[in-house]
Amino acid sequence: MDNFIQFTVNALTLGSVYALIALGYSLVYGILKLLNFAHGDVFMVGAFIGFGVLQALGGAADPVISIWFVLVLVMLSAMAGCAILGVAIERFAYRPLRNAPRIAPLISALGVSFFLTYSMQLMFGSQQRDYNAFAMANGALFFKGFDIGSVRVPLLRIVIVVSAFVLMILLWLLVTKTRIGKAMRATSYDREAAAMMGIDIDRVIVFAFVLGSALAGAAGVMFALRAPASVTIGFVAGLKGFTAAVIGGIGSIPGAMAGGLILGFAESFTQGYISTRWSDLFVFLILIAFMLLRPQGLFGKADIKKV
């Protein structure tokens, strides 16, 4: 039973991060029908921005202000930096190809992904960046928390899961309760009709990139608090975020949340009950199974072809 509880805690932590990445894929695909394969690298850049801000504020062991304010600033800086990066990617890599055949922006996305990876490697090298979360507040993020039976749930995991769910709820409220959210939904249904109704399509698309990239930046910081970050983390994380979006139904916001959590549970329980060597294989088998059996995902709708 203790193992089950521990694997469930691990699954919620992993799934929360995957859900935030998947939301970026779904937001952009829902509006542009574009698979933004550079999204995983935006996640990586977010982890690096967070590391830079952490060091600028004195580092994990001896910050110049309270470590809790440092964590908030690290998170907000990563989100802001990635949002700006997302706007730049949209403006220079995707907007000129908006009316091109669909393969063109897809190739452009792959090019942007490689550009970001190798640019970061040239600027910062290939060494891993460790946030050293254990040194924060004398280990409070690991020693404090609560117990479920004999399983310790550390404060770090609680912070990650709660922060991710707060961001998801805020996104859900923004999309369903605000004017810009209504414009995003209208654009996702029919871009041309939305334009004829007076919606500024360019503004909506840029806003989708801002939101998706900011969530990727937050996910990058959450990931890097638990594991060292390097310039290569974006590739696999991006693929898993994409898999989560496909499982939930790419383009669906609730689907991205559910897909991320499902993927987190699949990976955690495979690592725990079978082997860590099998977890990635099992995750991508799920992707293949969904593509074959239910390509629209759990919450998506099958495309209706007009004749």
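Which helix gives the most to the nonpolar patch? To find out in this predicted model, begin by selecting Met-1, Phe-4, Tyr-273, Ile-274, Trp-278, Leu-281, Phe-282, Leu-285, Ile-288, Leu-292 and Leu-293, which form a nonpolar patch on the surface with about 1300 Å² of accessible area together. Now colour helix α12, residues 276-293, and you have the helix in question, since seven residues of the patch come from α12, the most that any element gives.

Stay with Tyr-273, which is found in helix α11, residues 253-273, and add Phe-4, Phe-7, Phe-265 and Phe-269 to the selection, for these residues and Tyr-273 form one aromatic cluster.

Aromatic pairs are the next topic, and the structure holds 13 of them. Select Phe-43 and Phe-223, an edge-to-face pair whose rings are 5.6 Å apart from centre to centre, with 65° between the planes. This pair links distant parts of the chain, because Phe-43 belongs to helix α2 (residues 39-56) and Phe-223 to helix α9 (residues 201-226), 180 residues apart. Phe-43 is buried, with a relative accessible area of 0%, whereas Phe-223 is partly exposed, with a relative accessible area of 26%.

Move on to Phe-134 and Phe-142, whose ring centres are 5.3 Å apart and whose planes stand at 50°, so this pair counts as tilted. Phe-134 is partly exposed at a relative accessible area of 46%, and Phe-142 is also partly exposed, with 32% relative accessibility.

Finish the tour by selecting Arg-91 together with Phe-92, where Arg-91 lies over the face of the Phe-92 ring, at 6.0 Å from the ring centre.

Technical notes. Residues numbered from 1 in each chain as written. Predicted model: local features only at pLDDT ≥ 70, side-chain atom pairs only at ≥ 80, totals over all residues. Heavy atoms only, no water. Patch = residues over 30% accessible without salt bridge, like charges linked within 9 Å, V, L, I, M, F, W, Y side chains within 5 Å. Areas by Shrake-Rupley, 256 points an atom, 1.4 Å probe, with all protein chains shown as cover. Salt bridge = Lys/Arg side-chain N within 4 Å of Asp/Glu carboxyl O. Helix = DSSP H or I, 4+ residues; strand = E, 2+ residues; numbered from the N terminus. Phe/Tyr/Trp six-rings, centres within 6.5 Å; stacked < 30°, edge-to-face > 60°. Buried < 20%, exposed > 50% of the residue type's maximum accessible area, 1.4 Å probe, protein only. Lys NZ or Arg CZ within 6 Å of the ring centre and 35° of its normal.
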